[in-house]
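Dear colleague,

I am handing over a structure for you to look at, and my notes on it follow below. Please open the structure first and keep it beside you as you read.

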Protein chains: 2
Amino acid sequence: MTTIKDVARHVGLSVTTVSRALNDFDDVSEATRARVRAAAETLDYHPNAVARRLQRRHSSTIGLMIPLVLHRSFDIFWLEFIGGVAAACSQRGVDLLVATADAHDDVGQGLHGLTRGSRVDGLLVCDIRQSDPRIAYLQRHRFPFVAFGRTTERQDYPYIDVDGAAGVMQAMAHLIGLGHRRIAYLGLDPAFGFSHYRFTGYMQALRNAGLTYDAGLSRVGLGELSAPAVAAEVLGLPDPPTAVIAAADFLAQAVLKAARALGLAVPGDLSIVVFDDSPLVQHAEPPLTAIHQPNTRLGEEAAGLLLDRVAGPDSPLVQRLVVPSLIVRDSTAPPREPPAHSSAY
Amino acid sequence: MTTIKDVARHVGLSVTTVSRALNDFDDVSEATRARVRAAAETLDYHPNAVARRLQRRHSSTIGLMIPLVLHRSFDIFWLEFIGGVAAACSQRGVDLLVATADAHDDVGQGLHGLTRGSRVDGLLVCDIRQSDPRIAYLQRHRFPFVAFGRTTERQDYPYIDVDGAAGVMQAMAHLIGLGHRRIAYLGLDPAFGFSHYRFTGYMQALRNAGLTYDAGLSRVGLGELSAPAVAAEVLGLPDPPTAVIAAADFLAQAVLKAARALGLAVPGDLSIVVFDDSPLVQHAEPPLTAIHQPNTRLGEEAAGLLLDRVAGPDSPLVQRLVVPSLIVRDSTAPPREPPAHSSAY
DNA sequence: GTGAAAGCGCTAACAT
DNA sequence: ATGTTAGCGCTTTCAC
């Protein structure tokens with residue numbers, strides 16, 4: 001391992017000068033800088049990052065906590081998100097430390113170990129719950145962080161999130177524009193912020209369109225296990241929906257299967273919009289109209305926000321909402337029969 | 001930030017003693033150890049990892065280079081793999097640094113930056129090509145590493161890999177056992193080691209079963225773009241296959257679609273086996289018989305191997321091959337007509 | 001423009 | 001059983 005001392009010795013200068021030459025200080029002569037550079041090159045010298053960190057008192061590293069197998073089908077999302085974070089880090093010359101959040105022991109070991117010991121300058125916390133103790137923990141300890149996702153409580157922390165409500169409202173507008181009036185909503189566990197906000201968009205759109213809320217048509221808290229039964233149940237209602245919004249790809253898959261079992265044509269008898277784009281969604285039969293999030297870019301931006309925050313901890317609070325886009329594919333069409341109430345006119 | 005000095009001052013001992021007490025040296029009295037522990041607790045002291053690394057001359061960190069959006073549909077695999085690596089690291093108390101490999105500039109900046117500067121003690125390189133310059137680079141620089149995947153050349157380095165050939169041979173045995181004789185193979189870019197070995201298994205199985213190789217039935221080098229056309233082409237052959245092995249989920253999807261377009265029933269008219277399990281595969285219509293890899297466990301083992309290697313660089317070379325398992329679902333059945341040549345007997 | 005000296009926070013000989 | 005001293009590799013006052 002060649003150190004700065006070796007370089008200094010090689011060019012017959014002090015380590016100080018070598019350090020300054022290599023770090024582009026302007027008080028070192030061009031000639032010297034060149035000599036030092038050359039020496040560093042021939043000796044294959046690369047500064048020891050650890051020593052530098054100790055001296056500079058920051059690690060030039062950020063931490064990323066990702067959920068561990070929480071929502072299996074969101075895999076694509078997370079991988080692309082991580083890719084974005086990694087790319088942003090690499091571009092700005094900082095290291096990325098990845099830790100997985102144990103489902104249960106969030107504030108415990110996980111966070112504690114990461115925030116202590118000066119291993120990371122800041123933390124990107126993901127998969128925020130409606131009420132998330134990690135936020136409070138980080139605030140209390142004044143540890144620089146950015147959340148990817150939002151709680152539904154007091155939001156006095158920096159975050160970036162997808163505007164799930166706006167996404168669902170776009171989907172609803174699309175469906176309502178096609179003539180649908182009975183639109184079902186299949187959602188995930190509302191304990192997660194993103195799940196809550198998506199449902200919020202559904203309710204809001206209903207209200208905006210003057211449609212009445214039918215409790216039988218909106219089911220939340222669904223998982224991979226309950227999805228098939230609930231989908232069948234909703235489609236089998238006496239007065240069934242003509243369209244359904246599924247808050248995740250596997251929910252849409254369940255709806256698709258239930259429709260097939262009931263002999264319902266998609267999109268003829270039933271329209272489907274799904275939140276979150278994925279191979280499963282794109283390769284479905286038919287390919288599904290989807291609310292699409294810019295996964296990689298979200299990662300890049302989240303990392304960027306955190307890096308800015310780390311650089312200037314007293315910078316103003318940044319809270320960014322990214323509006324997803326609706327990609328219309330082949331699973332949405334006008335309802336077969338005209339809506340019942342229109343015959344009254 | 002509270003340092004070891006603060007603790008020492010607080011208990012009225014030297015930093016040395018505090019260090020030894022906290023690191024469980026046996027030459028410190030129980031009473032002292034207790035006092036020190038208590039002080040550390042009340043002062044909320046956590047050793048500075050960076051300082052410790054500088055002193056110990058290793059970083060207790062390993063690096064993981066993952067492919068950046070190379071094979072889009074393998075997302076699930078990589079995420080679970082990363083999860084396994086992260087879990088193993090966390091369990092053994094080391095940090096995980098994640099870097100993405102730019103598709104083109106592999107040996108260039110990417111590796112160089114990671115291996116230099118003492119930021120990681122070892123590297124896990126993935127997605128190995130048939131001939132991969134990164135291996136040579138790491139060997140030349142005597143940098144501790146473990147490969148996840150194999151080259152097809154000289155293998156004088158530690159690796160862990162899935163035995164792709166064995167996997168495909170299992171699939172072939174299953175198909176041949178059902179009575180299939182015309183079995184097509186749809187493969188990926190053979191430049192990647194895993195792709196090469198999978199195809200190898202196909203050829204070997206053909207030979208073992210005494211089946212003749214039909215060039216029209218095996219197509220490799222396929223991507224998301226070329227897959228649909230090639231699948232249609234192969235299924236539309238004058239003497240079409242009764243079964244096909246797809247080396248990736250999106251290839252199987254393409255086959256499924258082509259079959260549907262041609263009015264072929266799966267598995268009645270056409271059996272399909274896919275390499276790699278994924279939501280896309282499980283939710284397909286019908287759910288596909290698949291060659292399944294233990295994604296998370298592969299990550300754990302890969303990390304374990306690297307950590308062992310880092311601990312003892314002169315330990316014997318470990319090369320581990322993991323045999324995947326065949327999961328029989330609903331896409332495989334005996335061929336409709338008895339194989340043509342059997343009528344000759 | 002360059003160098004000497006101090007120190008980041010910790011561990012590890014080597015005393016005692 | 002505890003303390004003294006040195007040093008990991010680097011950056012940074014402060015001199016000259």
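**What was found around the DNA**

Of the 27 residues around DNA strand C, those that come nearest are A:Thr32, A:Gln55, B:Ile4, B:Tyr45 and B:Gln55. Of the atoms of DNA strand C that come within 4 Å of the protein, 61% belong to sugar and phosphate. Please keep in mind throughout that this is a predicted model.

Several individual contacts to DNA strand C can be followed in the structure. On the side of chain A, a polar backbone atom of A:Ser14 is 2.9 Å from a phosphate oxygen of DNA strand C. On the side of chain B, a polar side-chain atom of B:Asn23 lies 3.4 Å from a phosphate oxygen of this strand, whereas B:Thr16 has an N or O atom in its side chain that is 2.9 Å from a base nitrogen of DNA strand C. The elements that give two or more residues to the surface near DNA strand C are α2 (15-22) and α4 (49-56) of chain A, together with α1 (4-11), α2 (15-22) and α4 (49-56) of chain B. Among these, α4(B) gives the most, with 4 residues. Sorted by character, the residues of this surface divide into 8 nonpolar, 12 polar and 7 charged.

Turning to the other strand, DNA strand D is surrounded by 26 residues, and the closest are A:Ile4, A:Tyr45, B:Ser14, B:Thr16 and B:Gln55. For DNA strand D, sugar and phosphate account for 61% of the atoms that come within 4 Å of the protein.

Which part of DNA strand D does the side chain of A:Tyr45 approach with an N or O atom? The partner is a phosphate oxygen, at 2.6 Å. A base nitrogen of DNA strand D lies 3.4 Å from a backbone N or O atom of A:Ala51, while an N or O atom in the side chain of B:Arg57 is 3.2 Å from a sugar or linking oxygen of the strand. Two or more residues each are given to the surface near DNA strand D by α1 (4-11), α2 and α4 of chain A and by α2 and α4 of chain B. The residues of that surface divide into 8 nonpolar, 12 polar and 6 charged.

Finally, a word on chain A as a whole. Its domain assignment gives domain 1 (4-47), domain 2 (61-162 + 295-322) and domain 3 (164-292), and the centres of domain 1 and domain 3 of chain A, taken over C-alpha atoms, are separated by 63 Å.

With best wishes

Conventions: Residues numbered from 1 in each chain as written. Chains lettered and ligands numbered in written order. Predicted model: local features only at pLDDT ≥ 70, side-chain atom pairs only at ≥ 80, totals over all residues. Heavy atoms only, no water. Near = heavy atom within 4 Å. Polar contact = N/O pair within 3.5 Å; in protein donor to acceptor, adjacent residues only side chain to side chain. Nonpolar A, V, L, I, M, F, W, Y, C, P; charged D, E, K, R; others polar. Domains from an automatic or database assignment.
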